[in-house]
Amino acid sequence: MAGAGPGCKNQRWSLQGMTALVTGGTRGIGYAIVEELAALGAVVHTCSRNQTEINERLQEWQSKGFKVSGSVCDLSSREQREKLMETVSSVFYGKLNILVNNAGITMLKPCVEHTLEDYSTVMSTNVEAPYHLSQLAHPFLKASGNGSIVFISSVAGSLALPRLSAYSASKGAINQITKNLACEWAKDNIRTNTVSPWGVKTTIMIPKPDSPYVEEFIRLIAGTAMPRTGEPEEISSLVAFLCLPAASYITGQVISVDGGSMFHCNDIDQSVEEQDSGQKLVTLRMKLICKSKRVCYHICQLALPLLRLSRNGSIAGVVASPYLSLYAGSFLPSLEAVLIMTLHLWKF
């Protein structure tokens, strides 16, 4: 088998000879992604709104032997996005292997305090810009014969987090765009995936020390299975993997890098309430850190006698289907079981 030698295997774990565009690559996660891709052999172009910052980074990367170029671009401007892709086409001779839509903004505000301008700014930067760049990059990705798009989303696109309604909506949109492009562009040999980080040590994600939301942020991080913020390099490694030939059968996926944020490590809270009619309403709010799905299933089994005794019970879960409890459970998106058992709906 000619393709089974060591050289072939090494190529699966190399980006040698490939070209990449990483937006917002001068700081934070974007900076780590540029370094990761360049270290694996890719020739990278990045952009930022700050020319001074670009010059400093390019000098730094040159000293490390990385092949990186850069240009100024305000991604909220349609004209500048088009100019950026013209530059990329010229630098890479009309072919592009990798597009990493990393640049984005966040806005911490209660929903009622968001102005239409706030909403438009978030959506323009976080949704319109990467969507448009993907459209513009499509012919170059297709021409390469082996294209890969990676969006940087957030667990906020899947979970409801405080004061992030507009931001969360923008990341939820990115998650769905990922799946649609994966379906539409597979025929062009273009894969599309998304990486969804939790809190990461970057200027965009961590509140300033004088922010009124610092304590709230700390509580959220403390409730994670691994109670700390992530490092940019812990995100960039997955991004790089998704761009490798070794990941050639992965597309349409939204992958969380979150230290177990979806587990929500809280204690069991039980409450018993009385309705005005005198009928007892027993609600068990069980927030469990399940180290295996077997624990979740076992809890349901243990609760069954209590439900039967009520003669008027229900189990409300993430997935419900008759006779498919184990099958459905195997597809839960996380190992957390949040079971709200309200004993007045499901009749036995």
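**Exercise 1. Work out which strands flank strand 1, and how they run.**

Start on one side: strand 1 is joined to strand 4 (residues 98–101) by three bridges, and the two run parallel. This is a predicted model, by the way. To pin down the register, take Ala20: its bridge partner in strand 4 is Ile98.

Now look at strand 2 (residues 43–48). Five bridges tie strand 2 to strand 1, again in parallel. Here Ala20 sits opposite Val44.

Next, follow the chain between these strands. Strand 1, helix 2 (residues 28–39) and strand 2 form a β-α-β unit, and its hand is right-handed.

**Exercise 2. Decide whether strand 1 (residues 19–23) is enclosed or open on one face.**

First, a reminder: side chains in a regular strand alternate between the two faces of the sheet. So check each face in turn. Thr19, Leu21 and Thr23 are buried on one side. On the other, Ala20 and Val22 are buried too. Both faces are therefore covered, and with five of the five residues buried, strand 1 is largely enclosed by the rest of the structure.

**Exercise 3. Classify the aromatic pair of Tyr31 and Trp61, and place it in the chain.**

The structure has two aromatic pairs. In this one, the ring centres of Tyr31 and Trp61 are 5.6 Å apart and the planes meet at 25°. The cut-off for stacking is under 30 degrees, so the pair counts as stacked. As for placement, Tyr31 belongs to helix 2 and Trp61 to helix 3 (residues 51–63); they are 30 residues apart, so the pair links distant parts of the chain. Finally, check exposure: Tyr31 and Trp61 are both buried.

Notes. Residues numbered from 1 in each chain as written. Predicted model: local features only at pLDDT ≥ 70, side-chain atom pairs only at ≥ 80, totals over all residues. Heavy atoms only, no water. Buried < 20%, exposed > 50% of the residue type's maximum accessible area, 1.4 Å probe, protein only. Helix = DSSP H or I, 4+ residues; strand = E, 2+ residues; numbered from the N terminus. Pairing = 2+ DSSP bridges. Right-handed = clockwise from strand over helix to strand, strands pointing away. Phe/Tyr/Trp six-rings, centres within 6.5 Å; stacked < 30°, edge-to-face > 60°.
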